[in-house]
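Biologist: I'm new to this one, and I'd like a close look at a single part of it. Could you walk me through the place where the two halves of the protein meet, and then show me what else is worth a look around it?

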Amino acid sequence: MFTGIVEELGTLVAREDGADSAVLRIRARKAVQDVALGDSISVNGVCLTVTAVEPDADGSGVWSTDVMAETLRRSSLGEVGAGDPVNLERAVTPTTRLGGHIVQGHVDGVGTVVSRTPGDDWEVVRIAVPADLARYVVEKGSITVDGVSLTVSALADEPEPWFEVSLIPTTLRETTLGDRAPGDPVNLEVDVIAKYVERLLGARR
C-alpha cells in the first residue's frame, strides 16, 4: 500500500530482458534505507518486490526487482531503459501520514500526455485516459499518474476522454512528471474505492 507521495527520483541503471520478463536494477538513496528482501517499492506507480540489494558506502545503493510479462504489458515499464529516472515510494507503515490517497501500485492502464500549459508557478497537464477507465475519473477526485497522487482539476469525455491535473513546483522538480512531454505514456491507477462501489452496486442489481 502506498500514498502516492513520491520520496525520490531513482535511476534505472540496468535492465535485463528475458523472453517474457525483465530484471530491473535501480539506484536509490531513500528507497534503500532499511529495505529488506521481499519489501515493496512503487516504481512509476507499479508495486514491485525487492529481490536483491547492493549497498554503497555513501548510504545509497542499487536494488533489483523482477518484472513479469503482465506488468510489462499493462504499464509503461516496458519502455523504460538504462539511465531513465523513475519515481520511487516505499510502502507505507501503520504510522505513516496518508499525505495522498490510498494507492495499491496496481496499474489500471496507460494514458498519454496530450498537452502542457504553463502558469506562473505551476503547469496544467492534460492526459488522455483509456475509455474503459474514464468512468472512474471525477473532478476534484484523486488519480495516480506514474505513482504520483494528484487531484483531477478538469475532465471531458468527448471527442476522446481526457483529464487535467495541476502540477506544483515540488511535483515538477521532484518527480518524472516535470519532464513528461506530449505523446509520452504514463501509468494510471484510478481510485480503488470507486471500483469496489461499482462492483457492489452491480451485484445488487
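Modeller: The protein is divided into two domains, domain 1 covering residues 8–90 and domain 2 covering 109–203. Keep in mind that this is a predicted model. The C-alpha centres of domain 1 and domain 2 are 23 Å apart, and the contact draws on 12 residues from domain 1 and 13 residues from domain 2.

How much area do domain 1 and domain 2 bury between them? About 850 Å², and 45% of that is on carbon and sulfur atoms. On the domain 1 side, Asn44, Ser76 and Asn87 supply 47% of the area buried against domain 2, more than any other three residues. What holds across the interface in terms of charge and polarity? The rule finds 0 salt bridges between domain 1 and domain 2, but it does find 4 residue pairs in polar contact there, with both residues of each pair at pLDDT 80 or more. Among the elements of domain 1, strand 7 (residues 85–90) gives the most to the side that touches domain 2, with 4 residues. Sorted by class, that side of domain 1 has 4 nonpolar, 5 polar and 3 charged residues.

Now zoom in on Asn44. You'll find Asn44 in the loop between strand 3 (40–43) and strand 4 (46–49). Is Asn44 buried or exposed? Asn44 counts as buried, because its relative accessibility is just 1%. A polar atom of the Asn44 side chain lies 2.8 Å from the backbone nitrogen of Asn87. Leaving aside residues up to four places away in sequence, Asn44 touches Leu77, Val80, Val86, Asn87, Asp146, Gly147, Thr176, Arg180 and Asn187. Set that list against the domain bounds: Leu77, Val80, Val86 and Asn87 fall in domain 1, and Asp146, Gly147, Thr176, Arg180 and Asn187 fall in domain 2.

Away from the interface, let's turn to the salt bridges. The count for the model comes to 13. One of them joins Asp56 to Arg27, with the closest N and O atoms 2.4 Å apart. Asp56 sits in the loop between strand 5 (52–55) and strand 6 (61–68), while Arg27 is in strand 2 (residues 21–28), so this pair ties together parts that are 29 residues apart in sequence. Asp56 is partly exposed, at 32% relative accessible area, and Arg27 is partly exposed too, at 35%.

Another salt bridge is found between Glu164 and Arg126, where the closest N and O atoms are 2.7 Å apart. This pair also links distant parts of the chain: Glu164 belongs to strand 12 (residues 162–167) and Arg126 to strand 9 (residues 123–128), 38 residues apart. Glu164 is buried, with a relative accessible area of 15%, whereas Arg126 counts as partly exposed at 26%.

For a local pairing, go to helix 1. The side chains of Glu70 and Arg73 meet in a salt bridge, 2.8 Å from N to O. Both residues lie in helix 1 (residues 69–74), 3 residues apart, which is about one turn of the helix. Glu70 is partly exposed at 44% relative accessibility, and Arg73 is exposed at 59%. The pair has company as well: Glu70, Arg73 and Arg74 are linked in a network of salt bridges.

Last, a few backbone oddities. As background, most residues other than glycine have a negative phi, and most peptide bonds are trans. Which peptide bond is cis here? The one from Glu158 to Pro159, with omega near 0 degrees. Pro159 is in the loop between strand 11 (148–156) and strand 12. As for phi, Asp34 is not a glycine, yet it has a positive value of about 60 degrees. Asp34 is in the loop between strand 2 and strand 3, and it counts as exposed, with 80% relative accessibility. Lys140 has a positive phi as well, near 70 degrees. You'll see Lys140 in the loop between strand 9 and strand 10 (142–145), where it counts as exposed at 62% relative accessibility.

Conventions: Residues numbered from 1 in each chain as written. Heavy atoms only, no water. Helix = DSSP H or I, 4+ residues; strand = E, 2+ residues; numbered from the N terminus. Buried < 20%, exposed > 50% of the residue type's maximum accessible area, 1.4 Å probe, protein only. Polar contact = N/O pair within 3.5 Å; in protein donor to acceptor, adjacent residues only side chain to side chain. Contact = heavy atoms within 4.5 Å. Domains from an automatic or database assignment. Buried area = accessible area lost by both parts, 1.4 Å probe. Salt bridge = Lys/Arg side-chain N within 4 Å of Asp/Glu carboxyl O. Nonpolar A, V, L, I, M, F, W, Y, C, P; charged D, E, K, R; others polar.
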